[in-house]
Each structure stands twice: as structure tokens, then as C-alpha cells.
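I opened a fresh notebook page for this one. Here is what I looked up, entry by entry.

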Amino acid sequence: MLVLGIESSCDETGIALYDTEQGLLAHRLHTQMAMHAEYGGVVPELASRDHIRRVLPLTEECLAAAGKRLGDIDAIAYTQGPGLAGALLVGTSVANALAFALDKPAIGVHHLEGHLLSPLLAQPAPAFPFVALLVSGGHSQLMEVDGVGHYTLLGETLDDAAGEAFDKTAKLLGLGYPGGPALSKLADKGDPTRFKLPRPMLHSPDLDFSFSGLKTAVLTLVREQPQLDEQTRADICAAFQEAIVDVLVGKSLKALKQTGFKQLVIAGGVGANRQLREQLDAAAAKRRFQVFYPPLEFCTDNGAMIAFAGAQRLKHAAHGDGSFTVKPRWDLHNLPAA
């Protein structure tokens, strides 16, 4: 079965073709990073308009790359939520229009489920069950994953997510947009021992996170500096990144111990962070568990994860009547089982 995936939840237009027998055939991605950088963050109206311009040309590129035609598609999967309402409407309307024209099912996919299942696109891939650390955009969650649609929330952020903390701290340091990658790059040049920053909730008995206090600690630290030169900024970045990683690793290890599982999956944009991967790999070697990551190109938003997630739910998809909705707010752990 050939599934077309469409991702348009925020500032990246992703298109992919996934075959249930042959795997991923083609994928294309357009990022709006340069456009939004002028404004210091995502402008929802501009994001929606850019998705309109990109989605059909990218679809045509994918079909050409895979040597397929529209008539070969068996189903269309699209991001139904969560995300920016206007951006979601672009992908949703295109997907449902295509489905109606081709008389094929349209499958609404939860954006975070796409991230959660994206490591299954890698080789080797994890087997169910596993613990997942989902660190994407405004989300930081630990999930017990027993199968597609079988998700139990173990812990989540009580305020800022890890990705938000990265972006807000980068803005405090004048690193521009997107802040997370810029902060990580500068941290590579810094000394993480020069400044001491807190590890919020690292030793709490639960599996929840909190990063707003860490962001405030950085703000205080910045104000205390007589001169915020390049090396000082690099040292603050290094200390901040190490604090975030320590918490994410510590909570993940606690989740593995609590569940008794031996597999940990990392999903979402922060999963591309080099220091996080190094610390988790070291912990896995020492404690004898396996850790899985999506390919780097699939850590951020992309169409491949949506096509794959849609393919997993294809057997439950039905032909619609042409009507559709988007879900800007949508809880992952309330999804039906596949």
C-alpha cells in the first residue's frame, strides 16, 4: 500500500511517499526558517501562506522521485494536530481534496505520534514495548509505548518544554532564530564548569519536568555579568545545555527503571542534540539498555513520519464524506489503538 504523507503543522512543509512493503520511497522538506528569522519567531499567517505555495510542488517532486503517479496512491495521511490552526488547515484541506478526488481514504495523524514512531524508520528499529522520550517543540514527555496507539503518559513538563527553554535562552543571549541549534553550536566552544546552573526536578520522585526556573537562572546569570563577551556567552550556553541534558537523561533512566523496559526511544527535534545522544549512549553501554534515535533528517518535522504513522493506521481508515476538521490541541495519550 502506498501512502502519501503531508506535514504542515508549523513552519516546515513535509511530503513523503511510504510503501508498506518497500519502505520510504521519497521525501521532500521545505523549511521556513529564513523567512521567520526576520521576525524572531514563527508568524502563523506567513507560515500558512507559505504552506499553500509549497505543498503541491513538493508533492509533484516526491511522485517524480519515486516514479509514481497520483493514481498509484492508496491513502493520504496528513497532520491533523496539534499545531497552528491555519497551517494545519492547508495540509488537511489538500489531503482531503486529493482523497475525495481519488476516492481514497484520508488519515488524520497526530503530529506527536508521528515523532514517536519516527525511530521505527531507522535500522535497527526498536520493538514494542519501549519507553519514549518525546522532546519536540513545546512538548517534553516520557511515554510508555506498548504498540501503535497504546501510549501511557509517565511524565511531562509542568511549564516550559526543553525545546522552548533552548529557544528562550538563546533569545536572552542574542542568538537569534531558530535559537536551539544556535545555542548548541555555541555551547561546543564553551566551558560547562564555569557557571553552575540548577537541574530542576532532577531528584523529584516523579517523572515530570520543569525548565522555566532554569531559564530564569540564566536570565539572572546574564544580568550579573559585567561583560557578555563571546566566550562568556559560550560558557553560559555550555552550562545551560549540560543542565538540560542531565535532567533529560536522569528522568529517562528513572523511567526505564520504573517500567523495567530495556529499550529507550528518543523522538523530536531535541533528539538531534549531540550531547544528549552522547550521554544516553554512554548510559546505555553502562546500564545495558538499548537507545534508538530517528535519523537526523527525521528529528525535526517531516512528511516521512506522517506517512509512516498513517500507514500503521491504514487498516482502520475509512472513506470520508469530504468534510474535515483540524485539532490545534490534541492529547496524544487519548488516541485510539491501531
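Before the first entry, a word I lean on: I count a contact when heavy atoms lie within 4.5 Å. I also note that this is a predicted model.

**Entry: helix α5**

I began with the helix that spans residues 162-172, α5, and asked which of its residues are buried. My list reads A162, G163, A165, F166, T169 and A170. Where do they sit around the helix axis? Looking down the axis of α5, I find them within an arc of 160°, so they line one face of the helix. A reminder I jotted in the margin: an α-helix has 3.6 residues a turn, so residues three or four places apart point the same way.

Next I asked what the buried residues of α5 pack against. Two strands turned up, β6 (130-136) and β7 (139-147), along with the helices α6 (179-187), α7 (212-224) and α8 (230-259). Just past the helix, I stopped at G174, which follows α5 and has a positive phi, near 70°.

**Entry: the sheet**

Since β6 and β7 had come up, I traced their sheet. It is an open one of 5 strands, in the order β8-β7-β6-β9-β10, and its pairing is mixed. Which strands form the edges? They are β8 (150-156) and β10 (290-292), each of which pairs on one side only. Ignoring direction, I get an average turn of 25° between neighbouring strands of this sheet.

I then looked at how β6 joins β9 (residues 263-267): the two run parallel, and 4 bridges link them. In one of my closer looks, I found L133 opposite I266 of β9.

**Entry: a lysine in α8**

I went back to helix α8, where K251 has its place. Is K251 buried or exposed? K251 is buried, at a relative accessible area of 0%. Leaving out residues up to four places away in sequence, I listed what K251 touches: L142, M201, L202, S204, D206, L207, D208 and F209.

**Entry: cysteines**

How many disulfides does the whole structure hold? My search came back with 0. For the record, a disulfide is a covalent bond between the sulfur atoms of two cysteines. My search accepted pairs of cysteine sulfur atoms within 2.5 Å. I checked C62 in particular: the closest cysteine sulfur to its own is in C299, 19 Å away, which is too far for a bond. C62 is buried, with a relative accessible area of 0%. I noted C237 as well, and C237 is buried with a relative accessible area of 0%.

How values were computed:
Residues are numbered from 1 along each chain as its sequence is written. This is a predicted model: local features need pLDDT of at least 70, side-chain atom pairs count only at pLDDT 80 or more; totals for chains, interfaces and linings use all residues. Side-chain values use heavy atoms; hydrogens and water are left out. Buried means under 20% relative accessible area, exposed over 50%, partly exposed in between (1.4 Å probe, protein chains only). The arc is that of the directions from the helix axis to the C-beta atoms. Two strands pair if DSSP finds at least two bridges between them. Axes are lines fitted to C-alpha atoms, for helices over the stretch in contact, and angles run from 0 to 180 degrees between N-to-C directions.
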